[in-house]
Each structure stands twice: as C-alpha cells, then as structure tokens.
Amino acid sequence: MYPNQLIAAIFILFLAHDVSGQPFHIRNRHGGHRHGGHHRYHYRRPMLPRPGAHQGTPATPAAPKKPDAVPIPALPFTPVTPSLPATPKTPVTMPAKPPPPPTSLPLGIIGEISEHAKMFGWDPMKVIKGCGPSCDLLKYLHKQEFLIAHNWVRLLFKLPSFTWDEKLESAAKQYVMQRYKDCMDVHSNLPYGENIFWGLKLHWTPSDAVYSWFNESKWYDFKNLQCTAPPGEDCGHFTQIVWKDSVRLGCALQHCQDPTKGMLIVCEYDPPGNYDNENPLDDNNAKHHS
C-alpha cells in the first residue's frame with residue numbers, strides 16, 4: 001500500500017470513531033407527543049465503506065404486509081335502541097273565573113229608594129258592578145250612596161268632590177259602636193268635622209241623612225255668614241258638607257242594640273270645617289297659611 005493510501009485509510013478510521021472509541025450517534029427530537037412527554041428517537045450514522053470494497057445495491061425493504069380483514073360476526077339478535085319513557089304531562093289547572101258581578105240586588109239588601117235618594121240620582125244598579133266577588137255588598141252600597149249624596153250638594157255649590165277615606169270610615173264605625181247601647185246623639189272627641197243623624201225608625205238611609213243636613217241651607221245667610229234657623233235647629237251640618245277645605249269623607253250607619261231606640265248615622269270630614277266668621281265656600285286654609 002502506498003504511503004498516501006495508508007494515511008487516507010487511517011484518517012477514515014479516525015473519522016468513524018470519537019475519541020472514546022464509540023461510534024457517533026445523532027439525536028433528534030420527534031415532533032409528535034406520547035404519554036409521559038416527548039419521545040426521543042436515535043439514529044445510527046452509517047459506517048463509511050472501505051476504499052476498494054465492493055458495494056452492492058442495498059436491497060429495498062419490503063413493505064409491511066397488511067393484515068387480512070377480520071369479518072365481524074353477525075349478532076344473534078336484532079339490537080333495539082332503548083327509548084326513554086315519555087314524560088307525563090302535568091295537567092294544567094286553569095284558574096277559576098271570578099263570579100260575574102251581580103245583576104240584581106239580593107232580596108232585602110236595601111229598602112225602597114226614597115224620594116231624597118232619587119233627587120241625588122242614587123241608583124244602586126249603576127254602581128253594583130263595582131263591588132267585587134268578595135266585597136260586602138251592603139257596606140259598599142252605603143259607601144256609594146253617601147258619596148253620591150254628598151257630592152251632589154258639593155256640585156251644586158261648584159265645590160270639588162269628596163273622596164272616600166277608609167280611616168275616617170273606621171273612625172265613624174268605632175264611634176257608632178260606642179253608642180250602640182245608649183244610642184245617644186252626642187258628638188265624639190275625634191279631631192275631624194262630624195255630622196250625626198239619629199232616627200227613631202230603622203228605615204232611614206244615607207240619602208235621607210244627607211238630605212236632612214242639606215235642608216239646613218235654607219237658614220244659612222252666606223252674605224252675613226250667619227245661621228237664621230229657628231230654635232232647636234242648626235246650620236252646622238250643612239256648612240260642614242259645603243266646607244271647601246274638607247276633601248275627605250268617611251261614614252257609618254248602625255242600628256242600636258235596642259231597636260226601639262232607633263239608629264245612628266255618623267260622618268267624619270277631614271280637614272274639619274265650621275270655623276267662626278269664615279265663608280264655607282272659600283279656601284280658608286290657604287288664607288291662613290299664605
């Protein structure tokens with residue numbers, strides 16, 4: 001072997017081994033993921049052939065043989081897709097319809113309509129529909145009759161209408177119950193304006209009471225702000241009804257414990273009226289607070 005060929009052979013052998021005498025390895029990181037982290041593959045660097053050695057054509061590795069398809073055995077039964085049981089429908093309960101408003105008055109709920117009530121335009125059949133299915137019909141009719149009668153008088157003198165006040169109604173009811181045994185026609189100590197009607201018979205209505213109070217107007221002198229009523233009569237019931245500053249109303253009617261003593265009707269007014277030397281038809285509260 002020539003010297004130069006020997007040197008070449010030694011150099012080739014040196015390249016094929018590292019300083020430790022072990023063949024070289026190349027490590028590359030694989031791009032895919034495996035359980036536990038990245039998997040590393042190792043590739044062996046091929047040895048260089050010796051010079052002059054016969055090099056044949058490397059055989060191409062045969063492609064791996066695909067396994068034969070395994071036939072799927074037929075099931076011995078026809079599978080049935082299970083179905084969930086139908087959800088039972090909850091029956092829908094429709095709310096009960098409220099009973100229709102009454103179209104006629106129960107027998108004995110109210111007496112014959114008096115001439116005074118007709119004058120005020122009181123017609124219970126016009127207001128009965130406003131009483132709901134759970135309301136006290138007699139109490140409701142009394143309330144409406146008190147309002148219609150009072151406001152007829154107010155309208156006559158071009159005054160604003162009263163509005164019903166349940167607080168005043170309750171106060172009137174409590175007071176007539178205090179007088180339930182003695183049935184005395186005396187005023188209470190309530191901080192309101194107050195009108196009282198006493199009747200020996202039990203047939204008197206709210207319209208009758210309001211008419212008796214309104215009838216006092218024939219004795220009242222608006223020019224001189226004086227009452228010219230005969231002895232035993234008064235004008236204060238009338239002036240309280242037409243007192244402009246009074247805007248709320250509440251009344252109660254009660255038969256006394258002893259039917260021979262009669263019945264009482266009480267109405268409360270707020271703010272109260274009947275101040276001395278003041279015109280009932282004026283806005284007196286505004287004058288005193290201006």
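Visitor: How do you know that the length of helix α4 (residues 137-156) agrees with 1.5 Å a residue?

Guide: The model is a predicted one. The 20 residues of α4 should span 28 Å at 1.5 Å a residue, and the C-alpha atoms at its two ends are 29 Å apart; the value therefore agrees with the expectation.

Visitor: What makes aspartate 136 a cap at the N-terminal end of α4?

Guide: A side-chain oxygen of aspartate 136 lies 3.3 Å from the backbone nitrogen of leucine 138. A polar contact requires N or O atoms within 3.5 Å, so the 3.3 Å of this pair satisfies the cut-off. After α4 comes lysine 158, with a positive phi near 55°.

Visitor: Why is serine 207 called buried?

Guide: The term buried applies under 20% relative accessible area. Serine 207 has a relative accessible area of 0%, and is therefore buried. Serine 207 belongs to helix α6 (residues 206-214). Leaving aside residues up to four places away in sequence, serine 207 touches His116, Ala117, Phe120, Trp122, Glu145 and Ala149.

Visitor: What makes leucine 249 count as buried, and which residues does leucine 249 touch?

Guide: The relative accessibility of leucine 249 is 0%, so this residue counts as buried. Leucine 249 lies in strand β7 (residues 248-255). Among the residues it touches, not counting those up to four places away in sequence, are Phe146, Leu147, His150, Phe162, Leu168, Cys267 and Tyr269. The C-alpha atoms of leucine 249 and lysine 167 are separated by 9.2 Å, although the two residues are 82 residues apart along the chain.

Visitor: Why are β3 (163-164) and β4 (193-199) said to stand at the edges of their sheet?

Guide: The sheet is open and consists of four strands in the order β3-β7-β8-β4, with mixed pairing. β3 and β4 each have a single partner strand, so one side of each has no neighbour in the sheet.

Visitor: How do you know that β3 and β7 pair, and in which sense do they do so?

Guide: Two strands pair if at least two bridges are found between them. β3 and β7 share two bridges, in the parallel sense, so the requirement is met. Within this arrangement, tryptophan 164 stands opposite leucine 249 in β7. Helix α5 (residues 166-178) packs on the sheet and touches β3, β4, β7 and β8 (263-270). The direction of α5 makes about 30° with that of β7.

Visitor: How do you know where the buried residues of α5 lie around its axis?

Guide: The residues of α5 that are buried are Leu168, Glu169, Ala171, Ala172, Tyr175 and Val176. They cover an arc of only 160° around the axis, and therefore lie on the same side of α5. These buried residues pack against α4, β3, β4, β7 and β8. The other side of α5 carries the exposed residues Glu166, Lys167, Gln174 and Gln178.

Visitor: What makes the contact at the start of α5 fall inside the limit for a polar contact?

Guide: A side-chain oxygen of aspartate 165 comes to within 2.8 Å of the backbone nitrogen of lysine 167. With the limit at 3.5 Å, this pair therefore qualifies. As for the length of α5, its 13 residues reach 18 Å from first C-alpha to last, close to the 18 Å expected at 1.5 Å a residue.

Visitor: What is the wider setting of these elements, in helices and strands?

Guide: The protein has eight helices and eight strands. Of its 290 residues, 29% count as buried. Among contacts with a separation of 6 or more, 65% join residues 24 or more positions apart.

Technical notes
Residues numbered from 1 in each chain as written. Predicted model: local features only at pLDDT ≥ 70, side-chain atom pairs only at ≥ 80, totals over all residues. Heavy atoms only, no water. Expected span 1.5 Å × (residues − 1). Polar contact = N/O pair within 3.5 Å; in protein donor to acceptor, adjacent residues only side chain to side chain. Buried < 20%, exposed > 50% of the residue type's maximum accessible area, 1.4 Å probe, protein only. Contact = heavy atoms within 4.5 Å. Axes fitted to C-alpha atoms, helices over the stretch in contact; angles between N-to-C directions. Arc of directions from axis to C-beta.
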